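Visitor: Could you take a close look at a single part of this model with me, one strand and its surroundings, and connect it to the rest of the chain?

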Amino acid sequence: MLLENKHVVLAVTGGIAAFKAASITSLLRKQGAEVKCIMTAHATEFITPLTLREISGNPVATSLFGETPEFNVEHISLARWADIVVVAPATANIIGKIANGIADDLVSTVIMATQAPILLVPAMNSNMYANEIVQANLQRLSQYGYLSMEPDSGYLACGIEGKGRMPEPVDIIKEIEFQLSRTTRFTGKKVIVTAGGTREPLDPVRFLGNHSSGRMGFAIAKAAALTGAEVILITGATNLETPRGVSKRIDVTTTREMKDAVDQLYDDCDMVIKAAAVADYRVSCPAKNKIKKTDDRLELKLEKNPDILHSLGERKHKQILVGFAAETTNIVEYGMAKLQKKNLDMLVANDVSVEGAGFRGETNIATLLFADGTQEALPKMDKFELATIIMERAISIWEKRHA
């Protein structure tokens with residue numbers, strides 16, 4: 001888990017969205033983080049310190065002059081302890097205080113004293129959020145290096161609809177994960193990741209496809225974004241959300257559409273990780289209308305789709321090229337042949353017939369094959385964990401080539 005053993009100070013200020021602090025704290029702990037909550041006096045009018053104390057498992061500080069024995073000079077000890085300070089909700093008042101250097105309570109003083117990254121999660125009436133003073137304060141804080149999330153739009157507690165709702169706790173957790181986990185190792189580089197399965201139409205309502213969920217490719221896109229790279233995700237049909245940090249997402253349907261999208265971007269990229277499960281064949285002449293069940297048999301004439309990976313290998317000049325091979329027999333043998341034939345730098349081979357590997361599941365089992373003939377067998381693991389290893393190995397190849 002990305003937040004395992006991370007120290008999060010959650011600063012809760014006086015807005016109606018303060019009640020969401022309980023869910024944020026709970027989700028952080030489930031992700032392995034240690035959480036210490038601090039509150040303004042007004043925040044305690046919306047949610048009690050006792051609630052956050054029970055959920056976080058730590059004392060909750062509400063005053064600069066409290067007598068909590070666990071905190072030694074509270075604002076200094078908390079400021080040093082934090083890996084990140086998250087202000088949620090961040091009201092117009094606290095944003096104005098921070099922007100103007102005011103430190104007159106525990107929350108504002110911790111923020112002034114810490115050297116950890118500070119993530120502001122604004123939540124307020126839409127007119128307040130649109131106020132030019134609030135916007136100027138947020139812009140000023142951004143210039144100082146403060147992080148900020150955009151509020152959601154929707155129905156607000158004040159009875160109107162507009163922009164100002166605090167993002168959902170799960171989205172705040174994703175942002176915290178991203179901010180605490182990203183590096184600059186591949187900053188300035190461009191990575192193309194393909195994901196999901198392609199679909200070849202039979203008629204307006206049917207298609208040829210496969211069982212790919214896109215999870216492996218999306219996990220790789222997330223891992224790539226955490227390296228600081230510019231990530232372009234080209235995906236077939238999936239209902240997955242775009243990972244935080246992905247620069248651009250391109251949705252395609254067919255294999256040829258995916259090839260066109262990759263080809264347009266290939267020459268300018270540094271790495272391609274082709275995790276998509278593309279259809280090798282397509283129907284020669286898809287029916288213009290729905291095919292009716294008039295006969296006991298239906299014969300389809302298929303023709304071969306272009307081999308995206310092979311064409312990329314032929315055009316490769318500076319790029320690191322990583323492919324996938326989903327097999328059911330002779331995994332390493334077939335994988336090594338594919339790696340050499342398609343001029344790859346690395347191939348991720350897996351036996352999709354083995355439980356815990358392959359399509360749809362949350363885990364995978366893979367053997368990494370390299371152009372120098374070496375291989376690395378990996379045990380069953382979460383797909384994001386595998387994605388992180390794939391990115392690590394691919395970047396190492398790039399670094400050795402450009403040393």
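Guide: Gladly; first, two strands pair if DSSP finds at least two bridges between them. Helices (H or I, at least four residues) and strands (E, at least two) are DSSP runs numbered from the N terminus. The model is predicted, with local features needing pLDDT of at least 70 and side-chain atom pairs pLDDT 80 or more, while totals for chains, interfaces and linings use all residues. Residues count from 1 along each chain as its sequence is written, and side-chain values use heavy atoms, without hydrogens or water.

Let me begin with the whole, so the part has a setting. The protein chain comes to 13 helices and 21 strands, and its C-alpha trace spans about 75 × 55 × 40 Å along the principal axes. Of its 403 residues, 50% count as buried (under 20% relative accessible area; exposed is over 50%, partly exposed in between; 1.4 Å probe, protein chains only). If you look at contacts (heavy atoms within 4.5 Å) with a separation of 6 or more, 66% of them link residues 24 or more positions apart.

The chain divides into domain 1 (7-181) and domain 2 (190-402), with bounds from an automatic or database domain assignment. The C-alpha centres of the two domains lie 40 Å apart, and 6 residues of domain 1 are in contact with 6 residues of domain 2.

A short stop at the smaller numbers along the chain, before our main part. Here 5 parallel-paired strands make an open sheet, ordered E2-E1-E3-E4-E5. Strand E2 (34-39) and strand E5 (147-148) are its edges, each pairing on one side only. Strand E3 (residues 84-90) and strand E4 (residues 118-122) run parallel, joined by 4 bridges; across that pairing, valine 87 stands opposite leucine 120 in E4. Helix H4 (residues 92-99) packs on this sheet and touches both E3 and E4.

Now to the strand I would like to show you closely, E13. The open sheet that holds E13 has 8 strands with mixed pairing, in the order E12-E11-E8-E13-E16-E17-E19-E20. At its edges are E12 and strand E20 (375-377), each with a partner on one side only. On one side of E13, strand E8 pairs with it in the parallel sense over 4 bridges. Two residue pairs let you trace this register: valine 191 has methionine 271 as its bridge partner in E13, and threonine 194 stands opposite lysine 274. E13 also runs parallel to E16, again through 4 bridges, where isoleucine 273 has valine 322 as its bridge partner.

Which way do the side chains of E13 point? Met271 and Ile273 go one way and Val272 and Lys274 the other, and all four of these are buried, Lys274 included. In a regular strand the side chains alternate between the two faces of the sheet.

Follow Met271 and Ile273 and you arrive in the largest nonpolar core (buried Ala, Val, Leu, Ile, Met, Phe, Trp, Tyr and Cys joined through side-chain atoms within 4.5 Å). It has 41 residues, and those touching the most other members are Ile220, Val231, Met271, Ile273, Phe324 and Ile390. Among the elements that each supply at least two residues are strand E13 (271-274), strand E16 (320-327), helix H9 (215-225) and helix H13 (383-401). H13 gives the most, with 10 residues.

Phe324 is a good residue to click on next. Beyond neighbours within four places in sequence, phenylalanine 324 is in contact with Met216, Ile220, Ile273, Lys274, Ala275, Lys338, Leu347, Val348 and Ile390. A second, separate core holds 31 residues, including Ala17, Ala18, Ile24 and Ile176.

Finally, a look towards the E12 edge. Serine 247 sits in the loop between E11 and strand E12 (248-251) and is partly exposed, at 46% relative accessible area. Apart from neighbours within four places in sequence, serine 247 is in contact with Glu230 and Val231, and Val231 is one of the core residues touching the most other members. Serine 247 and methionine 258, 11 residues apart in sequence, are 18 Å apart in space, C-alpha to C-alpha.

How values were computed
Axes are lines fitted to C-alpha atoms, for helices over the stretch in contact, and angles run from 0 to 180 degrees between N-to-C directions.
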